[in-house]
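Here is a walk through one structure, taken a piece at a time. Have a look at the picture first, and then we'll go through the strands, charges and rings.

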Amino acid sequence: MSPLPPNPGDLAVDCVRTLAPYVPGKPIEELQRELGLSDIIKLASNENPFGPSPRALAAMQKALTDTWLYPDGSGHELKRKLAAKLGVDTNQITLGNGSNDLLVLLAGAFLMPGLEAVYSQYAFAVYPIAIQATGATAVVVPANPPTAPMPLGHDLAAMARAITPRTRVVFVANPNNPTGTWVPAAELRKFIAAMPPHVLVALDEAYFEYTGGLDLQDGIEWLKDFPNLVVFRTFSKAYGLAGVRVGYAVSHPGVADMLNRVRQAFNVSVVGLAGASAALDDPEHVAAAVKVAVAERARVTARLEKTGTRVFPSAGNFLMLHAGANARARYEALLRQGVIVRPVGNYQLPEHLRVTLGTVDQNDRFLAAWQAC
Ligand SMILES: Cc1ncc(COP(=O)(O)O)c(C=O)c1O
């Protein structure tokens, strides 16, 4: 028998061993430990600074007494409410441990070695991980040039040209993270209509609620026309529930059936189900948080541009900035001032930073710190 390799991790399948891991935003506690700071703001993971609705909080507190029980694996109550709100059938909804879970499930159910999945350069980092882990081929399509009206955004025409008979999934983030960029609704609709029937369109609408009058789609309205469309949404952003991990996919029932086959039976927790269900009863809370984010998107952009910082167009609750060749040093200078933003070097954008829109006070603090570094 040959000896064990020194690192038994090397026994992993090739497509996993060569994966670049996801790089999350720096947690507040880590910066506290590293620099001994106490007054820290985190604008690094596109969370909602206003947190969940008081109704969701109360429901989650109540649910704590039930945490010795497994959750309802069918998520009946949450699906019932979502179906009513979205005008779809419950059999079109798949619940996930965040929408990240569902992106991975889609890849697992529809991809394998020999098949291809297409996405744009600078698209959300989970797509390459989800694709590569299946052994399928990731086809990365160059993004728009920095001088385009939607700089570094998805080039849908080029993505359409990248489709082959082996393509099974095309990922579109609209808007995209980390760039914030988007494609107009009519252009996207045309793109989906032109997809051959063997290709699923995975339309990631994690920032759907932040549209704020911009020209973006409601993908769920399109499901009746496009059986190969799968729309992903989340409670992590506008609903302020990132920590309990609840997302959902809406699709043709046949696709939902497949996602449910590979889903862990209890992938959404008792607390997550209770919080998300109750959050749906408080749309005013979500609307108030979104209103601040949309207003701050314009205000912070204008303030940064006034002092010469290039800001990318954004339809999300965050902005991507061109920070220059010393982006890393500026990131570290912000950390020393207790402000955590997100470097995006892992996206091959070493000169850029992404900042989440916080409360007005938090954004003012970021702007002051940015001027000082
Ligand atoms: C574009 C996009 N899709 C999906 C997600 C995943 O979010 P979650 O798993 O919290 O639902 C994120 C999170 O940042 C995102 O930016």
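## A helix across a sheet

In this predicted model, helix α12 (residues 283-306) lies across β9 and β10 (318-322). Against β10, the helix runs at about 15°.

Those two strands belong to an open sheet of four strands, and the order is β9-β10-β13-β12 with antiparallel pairing. Which strands stand at the edges? They are β9 (310-311) and β12 (342-343). Each has a single partner strand, so one side of each is left without a neighbour in the sheet. For β12, the pairing with strand β13 (residues 352-356) is antiparallel and goes over two bridges. Zoom in there and you'll find Arg342 with Arg354 of β13 as its bridge partner.

## Strand β8 and its partners

Now jump to strand β8 (residues 247-250). Gly247 and Ala249 point one way from this strand, while Tyr248 and Val250 point the other way. Are these residues buried or exposed? All of them are buried.

β8 pairs with strand β2 (residues 93-96), running antiparallel to it, and four bridges join the two. One register to check by eye is Gly96, whose bridge partner in β8 is Gly247. Strand β7 (residues 229-234) also pairs with β8 in the antiparallel sense, again over four bridges. Here Phe232 stands opposite Ala249 of β8.

## Salt bridges

How many salt bridges does the count come to? It comes to 15 salt bridges. A good one to start with joins the side chains of Asp39 and Arg365, at 3.2 Å from N to O. Asp39 sits in the loop between α2 (28-35) and β1 (41-42), and Arg365 sits in helix α14 (residues 360-371), so this pair ties together parts that are 326 residues apart in sequence. As for the surroundings, Asp39 counts as exposed at 53% relative accessibility, and Arg365 counts as partly exposed at 25%.

Then there's a little network: salt bridges link Lys26, Glu30 and Glu34. Within that group, the side chains of Glu30 and Lys26 meet at 2.9 Å, N to O. Lys26 is buried because its relative accessible area is 14%, under the 20% cut-off. Glu30 is partly exposed, with a relative accessible area of 27%.

Another salt bridge brings together the side chains of Glu47 and Lys42, at 3.0 Å from N to O. Both ends get the partly exposed label: Glu47 has a relative accessible area of 30%, and Lys42 has 22% relative accessibility.

## Aromatic rings and charges over them

On to the rings. The structure holds eight aromatic pairs. If you want a spot to zoom in on, try the cluster formed by Tyr22, Phe124, Tyr127 and Phe171.

Two arginines are worth a click as well. Which ring face does Arg233 lie over? That of Phe208, with 3.6 Å to the ring centre. Arg330, in turn, lies over the face of Trp370, at 3.9 Å from the ring centre.

Conventions: Residues numbered from 1 in each chain as written. Predicted model: local features only at pLDDT ≥ 70, side-chain atom pairs only at ≥ 80, totals over all residues. Heavy atoms only, no water. Phe/Tyr/Trp six-rings, centres within 6.5 Å; stacked < 30°, edge-to-face > 60°. Lys NZ or Arg CZ within 6 Å of the ring centre and 35° of its normal. Salt bridge = Lys/Arg side-chain N within 4 Å of Asp/Glu carboxyl O. Buried < 20%, exposed > 50% of the residue type's maximum accessible area, 1.4 Å probe, protein only. Pairing = 2+ DSSP bridges. Contact = heavy atoms within 4.5 Å. Axes fitted to C-alpha atoms, helices over the stretch in contact; angles between N-to-C directions.
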